[in-house]
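Reader: I'm new to this one, so could you walk me through it slowly? Please start wherever you like, and I'll ask as we go.

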Amino acid sequence: MEKENVMRMAKRTFPGILVSLVLGLVATSIPAHAADASAAQVATVGKIQRLARFPSQFVAPHDVDVWLPPGYPEHAPYAVLYMFDGQNLFGEREAGKLPSWQADTTAAKLMSEGKARPFIIVGIANAATERMSEYFPQKPWESLTPDQRRTLFAQQLGNFQIMPVAPYSDAFLKFVTQELRPAIDQRFAVDTRPDATFVMGSSMGGLMAWYAMAEYPDIFGGAACLSTHWPGPYLSLDARTDDPAPDAFVDYIQHHFPSAERHRIYFDHGTATLDANYGPTQQRVDQWLKASGWKGDRLESRVFEGAEHSERSWAARLAIPMGFLLAPTPK
């Protein structure tokens, strides 16, 4: 019922296409509670192994879908791509639900064409209605003043609080790096080095992708951030001068990003719907990265004219960030 209530509020508050965007930020096509097991995804190509309700001492259990490409494990060891919002990545979605990223189809095609090294995908389902709290980078949050935190907490969709609890992304990253990753390394034929371990997400998941690499540079050798939602809990298409989140994110990046020598980062955004509001902050980030030595195959930042904030848009361009992070290793 919780998801249905959010949908009704979205339809009353936002016109037309914004409904799906709002659901993508605060509810998406997910189980009602993070600890409830969702239906396993079915891959169009390759196969999926479900790690249902993967336990954690840091956060509520999360469903994890591990996609294995055709022929696995004959090309071992495989690189690993961790992806957020993992409940929405593979195969075709049922009628009435958001479309998937079709990550299995894109990944298999890249590998078959020799445009990517062999890799597997670890899709981690999000925390449902606590998605904003789970994916908001915690240290930038803690750098805000009490008044600024209250401003962000005040953002609502009808009677639904967009950020229901204080951000706990540090605990979530402990789950990913200290509990899930060791299990993946043990169960699957993977290369455990940082230059074979990557992270990707979109929207709030895009924030978490760069934050994961910055917090754990010895684990993640690269991150891809699609349609990074720089406004944080703000859902408006209008620029907000009272939004403290972008400055906090940029300040954190400037003081905590790892060196470009051993890492790579990908950013992109469209120019329609919510993505139309991302350009100014993204330009600030790009300028600082370039001035700090990020260039060549270390940094890519793209703008997709006319692209909106949606799974369809991310699926349409997914081959680009995948190919950037997982380019074939020189022989």
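Author: Let me begin with a pair of helices, where Pro246, Asp247, Val250, Ile253 and Gln254 in α9 meet Thr281, Arg284, Val285 and Trp288 in α10. By class, this contact of α9 with α10 has 5 nonpolar, 2 polar and 2 charged residues. Please keep in mind throughout that this is a predicted model.

Reader: At what angle do helix α9 and helix α10 pack, and how far apart are their axes?

Author: Helix α9, which covers residues 245–256, and helix α10, which covers residues 279–291, pack at an angle of about 10°, and their axes are 10 Å apart. Angles under 35 degrees count as roughly parallel, and therefore α9 is roughly parallel to α10.

Reader: OK, and what about the loop after α9, where is histidine 263 and what does it touch?

Author: Histidine 263 is found in the loop between α9 and β9, the latter being 264–270. Not counting residues up to four places away in sequence, histidine 263 touches Met213, Pro217, Phe220, Gly221, Pro258, Trp294 and Arg298.

Reader: Is histidine 263 buried or exposed, then?

Author: Histidine 263 is buried, because its relative accessible area is 5%, and buried means under 20%.

Reader: Changing topic, how many salt bridges are there?

Author: The count comes to 16 salt bridges. One of them joins the side chains of arginine 50 and aspartate 65, at 2.5 Å from N to O. Arginine 50 lies in strand β1 (residues 47–54) and aspartate 65 in strand β2 (residues 62–68), so this pair ties together parts that are 15 residues apart in sequence.

Reader: Which of these words fits arginine 50, and which fits aspartate 65: buried or partly exposed?

Author: Arginine 50 is partly exposed, with a relative accessible area of 23%, whereas aspartate 65 counts as buried at 2% relative accessibility.

Reader: What about the salt bridge between aspartate 147 and arginine 150, where do those two lie?

Author: Aspartate 147 and arginine 150 both lie in helix α6, residues 146–153, where they are 3 residues apart, or about one turn of the helix. Their side chains meet in a salt bridge at 2.1 Å, N to O, and arginine 150 is exposed, with a relative accessible area of 52%.

Reader: And which residue does aspartate 191 form a salt bridge with?

Author: Aspartate 191 forms a salt bridge with arginine 193, and their closest N and O atoms are 2.7 Å apart. Aspartate 191 is buried, with a relative accessible area of 14%, while arginine 193 is partly exposed at 48%. Elsewhere, salt bridges that share partners join Arg50, Asp63 and Asp65 into one network.

Reader: Now the backbone: where are the cis peptide bonds you would point to?

Author: Most residues other than glycine have a negative phi, and most peptide bonds are trans. Here a cis peptide bond joins tyrosine 72 and proline 73, with omega about 10°, and a cis peptide bond also joins alanine 76 and proline 77, with omega about 0°. Proline 73 lies in the loop between β2 and β3 (79–84), and proline 77 is in the loop between β2 and β3 as well.

Reader: And which residue other than glycine has a positive phi?

Author: Alanine 128 has a positive phi near 55°, and serine 227 has a positive phi near 50°. Alanine 128 is found in the loop between β4 (119–124) and α4 (131–135), and at 3% relative accessibility it counts as buried. Serine 227 is in the loop between β8 (222–226) and α9, and it counts as buried at 0% relative accessibility.

Reader: One more residue, please: what is proline 321 in contact with?

Author: Leaving aside its neighbours within four places in sequence, proline 321 is in contact with Met200, Ala224, Leu226 and Tyr266. Proline 321 lies in helix α12, residues 319–325, and it counts as buried at 0% relative accessibility.

Reader: Lastly, what is the mean pLDDT of the chain, and where does pLDDT stay under 50?

Author: The mean pLDDT of the chain is 88, and 84% of its residues reach 70 or more. However, pLDDT stays under 50 over residues 5–19, for which the model has 24 contacts beyond four places in sequence. Over residues 28–36 the pLDDT is also below 50, and that stretch has 30 contacts in the model beyond near neighbours in sequence.

Terms used:
Residues are numbered from 1 along each chain as its sequence is written. This is a predicted model: local features need pLDDT of at least 70, side-chain atom pairs count only at pLDDT 80 or more; totals for chains, interfaces and linings use all residues. Side-chain values use heavy atoms; hydrogens and water are left out. Helices (H or I, at least four residues) and strands (E, at least two) are DSSP runs, numbered from the N terminus. Buried means under 20% relative accessible area, exposed over 50%, partly exposed in between (1.4 Å probe, protein chains only). Contact means heavy atoms within 4.5 Å. Axes are lines fitted to C-alpha atoms, for helices over the stretch in contact, and angles run from 0 to 180 degrees between N-to-C directions. Angles under 35 degrees count as roughly parallel, over 145 as roughly antiparallel, 65 to 115 as roughly perpendicular and the rest as oblique. Ala, Val, Leu, Ile, Met, Phe, Trp, Tyr, Cys and Pro count as nonpolar, Asp, Glu, Lys and Arg as charged, and the others, Gly among them, as polar. A salt bridge is a side-chain nitrogen of Lys or Arg within 4 Å of a carboxyl oxygen of Asp or Glu. pLDDT is the predictor's confidence in each residue, from 0 to 100.
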